[in-house]
Amino acid sequence: MIELAAVFAVAGAASNAVGTAFQRKAASTTSKGGLRLLAELVHRPAWVIGMAGVIGAALFQSLALVNGPLALVQPLFILELPFALLVASPLMHRRLPALGWWGVAGVVAGLALSLASAAPHGADDAAPMTRWIPVLGVCLGAMAVAVVLARPGRPATLRAALLAAAAAIGNALTAALLKSATGTFADHGLTAFLTAWQTYGFALAGVAALLLLENALQAGPLVASQPALTIGDATVSLALGIILFDEQIRTGWWLVPVLLGALLILAGVVVLSRAVQVLGLGR
């Protein structure tokens, strides 16, 4: 079912990109804030399409995690950034610069190289509490340390990178909890899903990750926050998949192309982050 998981993950990344682009389109046409902003946006077709994209992304992610390993699904969500640029550029009547296309190529090629070389496989839906407790302690502790180190007064670039790293850990933890919760739903039904602690855990972790991301985007330039978010999410997700769900990847000399692919992804993300700023699509 790994192929099906990959299809759902790519669909989720595309859906989330569409949601982000249309929400930004709707928000760019109003100067209101707070609840008045929300009250106005709900009447705009672009915002409704954006929300449908976000909801669709969550559903696709759930389906992907049920059918495949976390170490495969979360890295594929890296495609959200190039998808978002490709959708947002014409939507906002902007043109993606030539360098931006090189960034898209770098992300896609790097992701293909890394995943083909690592070949993530094998996954359980559940993990015992003896694994969850240390994972929760390390992840939440690392997020807290990053937030403390990103206190006001530090350089903007450093603050953005630290807060984005904390958000990345939160995203990976949310995905791990979601995988466990959706696995419970698939195996035992709705009642078990609603009584599983992971169901409420992924909701709380998701909200925390979103708040950290918003603060990262506000703290400094996108070129500082996006690489930390992208690489951090994929790396932590890989570790959580192995630790929690007994997922496996190829090691030995296969790690060389995996690392080369990661470097390509990083370079592509940096280029695309700069393209976002040039196009005026970033915060």
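Student: How many salt bridges does the count come to?

Tutor: The count comes to one salt bridge. This is a predicted model, so the value is computed from predicted atoms.

Student: What makes the side chains of D246 and R131 a salt bridge?

Tutor: Set the value against the cut-off. A side-chain nitrogen of Lys or Arg must lie within 4 Å of a carboxyl oxygen of Asp or Glu. Here the N to O distance is 3.2 Å. That is within 4 Å, so the pair is called a salt bridge.

Student: How do you know that the pair links distant parts of the chain?

Tutor: Look at where each partner sits. R131 is in helix 7, residues 129-149. D246 is in the loop between helix 11 (222-245) and helix 12 (255-279). The two are 115 residues apart.

Student: Is D246 buried, exposed or partly exposed, and what makes it that?

Tutor: Its relative accessible area is 37%. Buried needs under 20% and exposed needs over 50%. The value falls in between, so D246 is partly exposed.

Student: What does R131 count as?

Tutor: R131 has 27% relative accessibility. That also falls between 20% and 50%, so R131 counts as partly exposed.

Student: What is the phi of D246 near?

Tutor: The phi of D246 is near 60°. That is a positive value in a residue other than glycine. Most residues other than glycine have a negative phi.

Student: Where does A119 lie, and what is its phi near?

Tutor: A119 lies in the loop between helix 6 (98-118) and helix 7. Its phi is near 45°, again a positive value in a residue other than glycine. At 25% relative accessibility, A119 is over the 20% limit and under the 50% one, so A119 counts as partly exposed.

Student: Why is T184 called buried?

Tutor: T184 has a relative accessible area of 18%. Buried means under 20%, so T184 is buried. T184 belongs to helix 8, residues 156-188.

Student: Which residues does T184 touch, not counting those up to four places away in sequence?

Tutor: T184 touches G189, A192, F193 and A196. A touch means heavy atoms within 4.5 Å.

Student: Where is the place of V145, and what does V145 count as?

Tutor: V145 is in helix 7. Its relative accessibility is 47%. Exposed needs over 50%, so V145 counts as partly exposed. From V145 to A203 is 22 Å, C-alpha to C-alpha, and 58 residues in sequence.

Student: Now the whole chain. What does its secondary structure come to?

Tutor: The protein chain has twelve helices and zero strands. Read from the N terminus on, every element in the run is an α.

Student: How do you know whether the radius of gyration agrees with a compact globule?

Tutor: Compare two values. With 283 residues, a compact globule would have a radius of gyration near 19 Å. The protein chain has 18 Å, which agrees. Along the principal axes, the C-alpha atoms fill a box of roughly 50 × 45 × 40 Å.

Student: What percentage of the 283 residues are buried?

Tutor: Buried residues make up 46% of them. The accessible surface of the chain is about 13,400 Å², and 73% of that belongs to carbon and sulfur atoms.

Student: How far apart are the mean positions of the positive and negative charges?

Tutor: The mean positions are 19 Å apart, taken over 15 positive and 10 negative charges.

Note on methods
Residues numbered from 1 in each chain as written. Predicted model: local features only at pLDDT ≥ 70, side-chain atom pairs only at ≥ 80, totals over all residues. Heavy atoms only, no water. Helix = DSSP H or I, 4+ residues; strand = E, 2+ residues; numbered from the N terminus. Rg over C-alpha atoms; globule rule 2.2 N^0.38 Å. Buried < 20%, exposed > 50% of the residue type's maximum accessible area, 1.4 Å probe, protein only. Areas by Shrake-Rupley, 256 points an atom, 1.4 Å probe, with all protein chains shown as cover. Lys, Arg positive; Asp, Glu negative; His and termini not counted. Charge placed at Lys NZ, Arg CZ, Asp CG, Glu CD.
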